[in-house]
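Work through the exercises below with the sequence and the structure side by side, and try each task before reading its solution.

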Amino acid sequence: MIISCFIGVCVLLFGPLVSSACNVTLYAQGEPLNFTSPNYPGNYMSNDNCYWDIYPQTRGYNVILDMVFSDIEGSSGSNCPYDALTIYVKNNGDQRIGESKRICGQSRLNLFTREDQHIHAMFETDGSVTRGGFLIKYYETDGHSCGLSDLSASSVAWTNLTSPGYPSNYSKNPNCQWTISAPVGYEIKVEVVYFNVEYSTACSSDYLLFSDGSTSFAAQLGKYCGRSNITRVVVSSRNYMTITFHTDGSDTALGFNLKYKAGYRTTTSTTTTTTTEITNGLNCGSPLLRASTFTWRHLSSPGYPNHNYRNNMDCRWTVSAPAGYKIKVEIIVLSVEFEATCAFDYLLFSDGSSSFATRLGKYCYGTRNVVSSSNAMTITFHTDGSRTDRGFSLKYMARTSGSLLSASTSTWSILSSPGYPNYNNNMDCKWTISAPAGYKIKAEIIALSLEYEATCARDYLLFSDGSSSYDTKLGKYCTGTRDVVSSSNAMTITFHTDGSVTGRGFSLKYMARTSVSGCGTDEEINEYETKYIVSPDYPLQYPSNANCSWTISTRLEGYVIHVEVVDFFLEPHSLCSYDYVQLYDVTGTYERSLGRWCGSNGPDTQSTGMSMKVRFLSDSSNTFKGFKLAFTAGEPTSSRCGTDEEINEYETKYIESPNYPLQYPSNANCSWTISSRLEGYVIHVEVVDFYLARDGPCSYDYVQLYDVTGTYERSLGRWCGLDGPDTQSTGMSMKVRFHSDSSSTFKGFKLAFTAVEPASSSSVSPNLGGIIGGVFGGIVGVAIVTCCCCGICSRKKSTTNDQSQGNRSREVYLNTIYTVPVSNYPPTTATTLPAMFTPPPAYSEVVKDDPPPYCQAVPLSDILPVVTSSSNGASSYQGIDNPAGPS
């Protein structure tokens, strides 16, 4: 009984000294190691905060991270507001952030450092849902290696393969080779998600080579370089495929992102069908179709309408027409497995005689029209291995001019409303303008005089970004002059009039352009309307030295402009000094910056008035995919950088700087009020993370706290730099103010607030005799405890490692790192990961050089990994998952 009490006292006194095992420094080796979320492969816990610093073991080498599995609350592509793993690439010297990625949902990641950089990974969870967490493989390379060479294709899910360092540029002189295998009777299918490799004649410098076998000497399936001549699908004829990536010592580029999967080997019948060219059998039918110039012909999915289509199909038809004609397709029925990005089953239209030509559209629902820009179109019908449906039915025909227009690359063409300068009621006219591949359509409205209505619901001119009016809207107008630019080589213009008032109509000119100067327009948003702006050449890489400006406004009184990210990927930089998007709050002639964004994290904010300005700038160096932003007019939402929070007992509330953990914006002025209804309690604040601009009086960027009593506020202090507050109010309420100026911005802060009893609250007069007696009793008690612990520690040293293992049942997950070995074939789901828990070093080995024994309820070898100091001063984890440490 007495010994149990002493052990309890020891745990109470020394338990807080035991730190979480996830807060460690790791050193990458040549062979892959891994780190995981706490408690993996079980669910992680709520309100957790862990970090890992990962350095290369060999000086001058790079660290590569490969996320094998992730299941984190939230959805991939969002800003991860709940639980998130944030990975930073930092410079070793000044600790500045080179790039960062915030991850949630189920996603894959491949990231690598440059020389003199390391990885800082931070995992934060809130108080709600928990999930399976993550497993990340890490290893070091000399900059020329490519990771595992033997890969296994799953027949259930796609697996990604990227060039080293993607989505950053690959390095010079790597020679990578991967062999992908599948079970006998299967074939390997590779789809190219993104491709950008240095171009050279005959692809002699940098190239990606696909070989139909287990070596690069097998028959070639294709050799590719550049940006536009890469195929989208490569299929082997057997259950092996070899992929070789070669680069020389000259220029580099972004590289590639592929996905691969195993599928049953199938054969495609080329038997010619009837003259109506309807494919209603169980095979795909004739792959070559001829469009009539005077009647519609039909095409449908195999089995339609009597049978559902089959799984794992890839049917392809090439439709041709006489020279000077174009192909028009109207989808009558499309009923296939739905997914938001049409990734499962889909109908793909390509603008030419190959499925590798420019895409006209990829659809898995709805009816629409698709028009080619030449006399050939390829239609691909793909299904995966899951559920099936009725399929599709469409009709196609060869059409000449009229509604199909071609944009010249050298001169303007004119388009006017029928009867201009007077149009009729109840008209619905549609024109599809096409341009050569690699060009865009620029339309300039010269005159527009229609029946006016605030939302342009009666008579209007509608511009759509593609070959169909169902594509993304570029704008809907009934007054004013403006420029409209497509993002591809097709634009559809719709002119609609109702049965009431008419006007003069419209006149516009259009032309094909490679790059469009003045990549910015003034846009007005009506109620229930969304306007989109994109970077030049989006979704291809934006050009260097771009300088674009858009002004987005509304006439709706009391409304503000909301902006959300659809897609965003600019050159990353810690200060966003290279390529960036900057937003401004516009009031009359006054503009106030709302912030600057770069990398992969774009703006999600609102104006304070009825107008917002968007500026996009790129420098003369690297370019990336760019951005697509959505703007709507709506009522103001409550500011995200200032709210009133109430704290209950046993509750912690957090506040963060805007955009945390990314850089806060310039000219921020935020205010929070934190209070409690618990009588006699005060508000205590402590730092979770803190990094603001530093100056002596904290006059640039700062956090200032106030003691609030009724309407009276008294300053508790001002903080900046790396030193945040750790203090408390005198009453039940505290105010927090955050200010940033117009200069440099940094990571910001995260502060934790709790309601506690005052630290110095005591209304009882001190009992001097009691204090003296207590001190004397304490000294005696400590002496007894020390003696007992010495005996316990001595007995512990004599126990076996098996006994030490027996005590592990008392551990909590925060003090353990789990090791899951990575096999030659990287797993793609949590269920395929063999879990193995490597025991810690023997206690006798850990304490053999220690000073005399100290009080210890449980041996530290059972609950705490060994942490030592590396040569650069950083703590390094040197125990369970990474026994080597720095060289």
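## Exercise 1: A glycine in a loop

Apart from its neighbours within four places in sequence, glycine 74 is in contact with Cys104 and Gly105. The model examined here is a predicted one.

Task. Locate glycine 74 among the strands, and decide whether glycine 74 counts as buried, partly exposed or exposed.

Solution. Begin with the position in the chain: glycine 74 belongs to the loop that runs between β4 (62-71) and β5 (84-91). Next consider one of the two contacts by its backbone, where the C-alpha atoms of glycine 74 and glycine 105 are separated by 4.9 Å although the residues are 31 apart along the chain. Finally, turn to accessibility: the relative value for glycine 74 is 33%, and because partly exposed covers the range between 20% and 50%, glycine 74 counts as partly exposed.

## Exercise 2: The largest nonpolar core

Task. Identify which residues of the largest nonpolar core touch the most other members, and then find which strands each supply at least two residues of this core.

Solution. The largest nonpolar core has 31 residues, and those that touch the most other members are Trp317, Val329, Leu347, Phe349, Ile379 and Leu394. At least two residues of this core come from each of β21 (314-320), β22 (326-335), β23 (346-350), β24 (359-363), β26 (376-382) and β27 (391-399). To see the surroundings of one such residue, take leucine 394, which, when residues up to four places away in sequence are not counted, touches Val329, Leu347, Phe349 and Ile379 among others. The partners of leucine 394 also include Arg297, His298 and Glu330, as well as Leu299, Ile331 and Ile332. As background, nonpolar side chains tend to be buried together in soluble globular proteins.

## Exercise 3: Three disulfides

Task. State how many disulfides the model contains, and then describe the links of cysteine 203 with cysteine 225, cysteine 342 with cysteine 364, and cysteine 576 with cysteine 598.

Solution. With sulfur atoms required to lie within 2.5 Å of each other, the count comes to eight disulfides.

1. Cysteine 203 is joined to cysteine 225 with an S to S distance of 2.2 Å. The torsion about this S-S bond is about -80 degrees, so the disulfide is left-handed. The pair links distant parts of the chain, 22 residues apart, with cysteine 203 in the loop between β13 (186-196) and β14 (207-211) and cysteine 225 in the loop between β15 (220-224) and β16 (233-235). Both cysteine 203 and cysteine 225 are buried.

2. The sulfur atoms of cysteine 342 and cysteine 364 are 2.2 Å apart and form a disulfide, which is left-handed with -70 degrees about the S-S bond. Cysteine 342 lies in the loop between β22 and β23, while cysteine 364, 22 residues apart from it, lies in the loop between β24 and β25 (369-371). Relative accessibility is 5% for cysteine 342, which therefore counts as buried, and 1% for cysteine 364, which counts as buried too.

3. For cysteine 576 and cysteine 598 the S to S distance is 2.2 Å, and the link is left-handed, with -80 degrees about the S-S bond. This pair places cysteine 576 in the loop between β40 (560-569) and β41 (580-587) and cysteine 598 in the loop between β42 (590-597) and β43 (605-606), 22 residues apart. Cysteine 576 is buried at 6% relative accessibility, and cysteine 598 is buried at 10%.

## Exercise 4: Aromatic pairs

Task. Classify the ring pair of phenylalanine 495 and phenylalanine 506, and then the pair of tryptophan 550 and phenylalanine 627.

Solution. The structure holds 30 aromatic pairs. In the pair of phenylalanine 495 and phenylalanine 506, the ring centres are 5.2 Å apart and the planes stand at 70 degrees, so the pair is edge-to-face. Phenylalanine 495 is in strand β35 (residues 490-496) and phenylalanine 506 in strand β36 (residues 505-513), eleven residues apart, and both phenylalanine 495 and phenylalanine 506 are buried. Tryptophan 550 and phenylalanine 627 also form an edge-to-face pair, with 6.1 Å from centre to centre and 80 degrees between the planes. Because tryptophan 550 lies in strand β39 (residues 547-554) and phenylalanine 627 in strand β45 (residues 626-634), this pair ties together parts that are 77 residues apart in sequence.

Technical notes
Residues numbered from 1 in each chain as written. Heavy atoms only, no water. Helix = DSSP H or I, 4+ residues; strand = E, 2+ residues; numbered from the N terminus. Buried < 20%, exposed > 50% of the residue type's maximum accessible area, 1.4 Å probe, protein only. Contact = heavy atoms within 4.5 Å. Core = buried A, V, L, I, M, F, W, Y, C linked by side-chain atoms within 4.5 Å. Phe/Tyr/Trp six-rings, centres within 6.5 Å; stacked < 30°, edge-to-face > 60°.
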